[in-house]
Amino acid sequence: MCRPYISGAVHVPRSGPAILAANHLSVLDSFLLPALLPRHVTFAAKNEYFSGNPVSGWFMRLGGSLPTDRESAHAAQDMLDAAAALLERGELFGIHPEGTRSPDGRLYRGKIGVAWLALKTGAPVLPVALSGTEKVLPLGARVPRPAKIGIAIGEPMTFTGDHTRAQDRRRVTDDIMTAIQKLSGQEYVPTYAASHKAANGTGGG
């Protein structure tokens, strides 16, 4: 139905840990990317994806996503600790650094959790650019629609620094977002998507 095409899959390691850091256009992003890779990827997904739309809930459970309470700092850290444990076991973990879906197709500032993981575990980061997924399941839609999607995976990135230092986390996150933007070609917005939604009265996650 989606006629997917993927480039750069060769960058996904055959074994060992890696973080897939992807842009976020649709609720289906966290399902479609793992579905097209030869190794299992555990993605972080907000709690509402499991309990809201029954279609998204089915996709999230099928893909083995990790529920996340975005409103609780303690819960967010618990998610990062669980992700770090997955990486330390040599598994793949996927995350959307923007933290929420783009409200307008542009790429927004990344949150620093992805950098915390990379610096804490030493796992390489693979930048990922998804395209067309917002056409398969647009915001508010309950039934998927046929549309062509694309996935581009960039070369692995490794970082040095201290995961406890805010400056290091910000630097690494910005470098990751730059790599995603180069792959996706999206216009970059240097503010958080959630802040943009709040300021403009647009909901959705």
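The following paragraphs describe the fold, the buried elements and the salt bridges of a predicted protein model.

Since the model is predicted, local features are reported only at pLDDT of at least 70 and side-chain atom pairs only at pLDDT 80 or more, while totals for chains, interfaces and linings use all residues. Residues are numbered from 1 along each chain as its sequence is written, and side-chain values use heavy atoms, with hydrogens and water left out.

A good place to start is the overall make-up. The protein chain contains eight helices and nine strands; these elements are DSSP runs numbered from the N terminus, with helices being H or I runs of at least four residues and strands being E runs of at least two. The chain has 205 residues, of which 49% count as buried. Here, buried stands for under 20% relative accessible area, exposed for over 50%, and partly exposed for the range in between, with a 1.4 Å probe and protein chains only. The area exposed by the protein chain is about 9,400 Å², and 53% of it is supplied by carbon and sulfur atoms; accessible areas come from the Shrake-Rupley method with a 1.4 Å probe, and for residues only the protein chains shown count as cover. Of the contacts (heavy atoms within 4.5 Å) between residues at least 6 apart in sequence, 75% join residues at least 24 apart.

Two elements stand out in the burial figures. In helix H5 (residues 113-121), seven of the nine residues are buried, so this helix is largely enclosed by the rest of the structure. The buried residues of H5 are Gly 113, Val 114, Ala 115, Trp 116, Leu 117, Ala 118 and Leu 119. After H5 comes Gly 122, which has a positive phi, near 75 degrees. Strand S7 (residues 125-131) is likewise mostly covered, with six of its seven residues buried.

Strand S7 also has two pairing partners to look at, where pairing requires that DSSP finds at least two bridges between the strands. Strand S2 (residues 18-22) runs parallel to S7 and is joined to it by four bridges; Leu 20 has Leu 126 of S7 as its bridge partner. With strand S8 (residues 150-153), S7 pairs in the antiparallel sense, again over four bridges. In that pairing, Ser 131 is matched with Gly 150 of S8. As a reminder for anyone viewing these strands, side chains in a regular strand alternate between the two faces of the sheet.

Ala 193 offers a neat example of a contact between residues distant in sequence. This residue is found in helix H8 (residues 193-200) and counts as buried, at 0% relative accessibility. Ala 193 and Arg 101 lie 92 residues apart in sequence, yet their C-alpha atoms are 7.4 Å apart in space. Leaving out residues up to four places away in sequence, Ala 193 touches Thr 100, Arg 101, Pro 103 and Tyr 108.

Turning to charged groups, the structure holds six salt bridges, each defined as a side-chain nitrogen of Lys or Arg within 4 Å of a carboxyl oxygen of Asp or Glu. Asp 168 takes part in a salt bridge with Arg 165, where the closest N and O atoms are 3.0 Å apart, and in another with Arg 171, at 3.5 Å from N to O. Asp 168 and Arg 171 are three residues apart in helix H7 (residues 166-184), a separation of about one helical turn. This fits the general geometry: an α-helix has 3.6 residues a turn, so residues three or four places apart point the same way. Asp 168 is buried at 10% relative accessibility, whereas Arg 165 is partly exposed at 36% and Arg 171 is partly exposed at 35%.

A further salt bridge joins Asp 104 to Arg 106, with 3.0 Å between the closest N and O atoms. Asp 104 has a relative accessible area of 37% and is partly exposed; Arg 106 is partly exposed as well, at 24%. These two residues and Glu 187 are linked in a network of salt bridges.

Gln 186 brings Arg 106 back into view. Gln 186 lies in the loop between H7 and strand S9 (188-189) and is buried, with a relative accessible area of 9%. Its side chain makes a polar contact of 2.9 Å with that of Ser 184; such a contact is a pair of N or O atoms within 3.5 Å, where within protein one must be able to donate a hydrogen and the other to accept it, and residues adjacent in sequence count only if both atoms are side-chain atoms. Beyond residues up to four places away in sequence, Gln 186 touches Asn 23, Leu 25, Gly 105, Arg 106, Leu 107 and Gln 181.
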